[in-house]
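Opening a fresh notebook page for this one. I'll jot things down in the order I looked them up.

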Amino acid sequence: MALAEYIDIEKLVSMTNQYTGADIAAVCKKVRRFVLKACSGEDLHTKNVKQKHFLKAIKETGSSVTTYLIF
């Protein structure tokens with residue numbers, strides 16, 4: 001899927017600091033579902049992945065790394 005013109009990658013990186021590769025993959029899968037859902041009903045003009053999709057997916061997908069595992 002194509003990205004919208006403006007995606008704040010630095011913000012997304014800072015929000016997912018303790019995410020594993022599997023966590024990031026889960027976020028991306030959720031983003032894809034959000035965009036497909038938007039295309040099928042809510043907003044027929046949504047064709048690109050937008051910042052709001054990433055923010056929602058990150059909010060709903062927690063990190064599997066805990067502070068206990070870090071220290």
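**Overall fold**

I began with secondary structure and counted four helices and zero strands in the protein. Read along the sequence, that gives me α-α-α-α. Note to self: this is a predicted model.

Next I pulled the whole-protein totals. The protein has 71 residues, and 28% of them are buried. Its accessible surface is about 5,300 Å², with 58% of that belonging to carbon and sulfur atoms. For contacts with a separation of 6 or more, I get 76% from residues 24 or more positions apart.

**The core**

What makes up the largest nonpolar core? I get twelve residues: A4, I7, L12, Y19, V27, V31, F34, V35, V49, F54, A57 and I58. Helix 2 (21-42) and helix 3 (51-60) each supply at least two residues of this core. Helix 2 gives the most, with four residues. As background, nonpolar side chains in soluble globular proteins tend to be buried together.

I picked V27 from the core list and checked its partners beyond four places in sequence. V27 touches Y19, A57, I58 and T61.

**I24 and T16**

Then I went to I24, which is found in helix 2. Is I24 buried or partly exposed? I24 comes out partly exposed, because its relative accessible area is 33% and the buried label needs under 20%. Leaving aside neighbours within four places in sequence, I24 is in contact with T16 and Y19. Y19 is on the core list, and Y19 also turned up among the partners of V27.

I also looked up the pair I24 and T61. They are 37 residues apart in sequence and 8.9 Å apart in space, C-alpha to C-alpha. T61 is one of the residues that V27 touches.

Where is T16? T16 lies in the loop between helix 1 (9-15) and helix 2. T16 counts as buried, since its relative accessible area of 12% is under the 20% cut-off. Not counting residues up to four places away in sequence, T16 touches I24 and I58. I58 is a member of the core, so I noted T16 as a loop residue that touches a core residue.

**Rings and charges**

Last stop, the aromatics. How many aromatic pairs does a search of the whole structure find? Zero. I did find a charge over a ring, though: the charged end of K56 sits over the ring of F34, 4.5 Å from its centre. F34 is itself one of the core residues.

Notes:
Residues are numbered from 1 along each chain as its sequence is written. This is a predicted model: local features need pLDDT of at least 70, side-chain atom pairs count only at pLDDT 80 or more; totals for chains, interfaces and linings use all residues. Side-chain values use heavy atoms; hydrogens and water are left out. A nonpolar core is a set of buried Ala, Val, Leu, Ile, Met, Phe, Trp, Tyr and Cys residues joined through side-chain atoms within 4.5 Å. Buried means under 20% relative accessible area, exposed over 50%, partly exposed in between (1.4 Å probe, protein chains only). Contact means heavy atoms within 4.5 Å. Rings of Phe, Tyr and Trp (its six-membered ring) pair if their centres lie within 6.5 Å; planes under 30 degrees apart count as stacked, over 60 as edge-to-face and the rest as tilted. A charge sits over a ring if NZ of Lys or CZ of Arg is within 6 Å of the ring centre and within 35 degrees of the ring normal. Accessible areas come from the Shrake-Rupley method with a 1.4 Å probe; for residues, only the protein chains shown count as cover.
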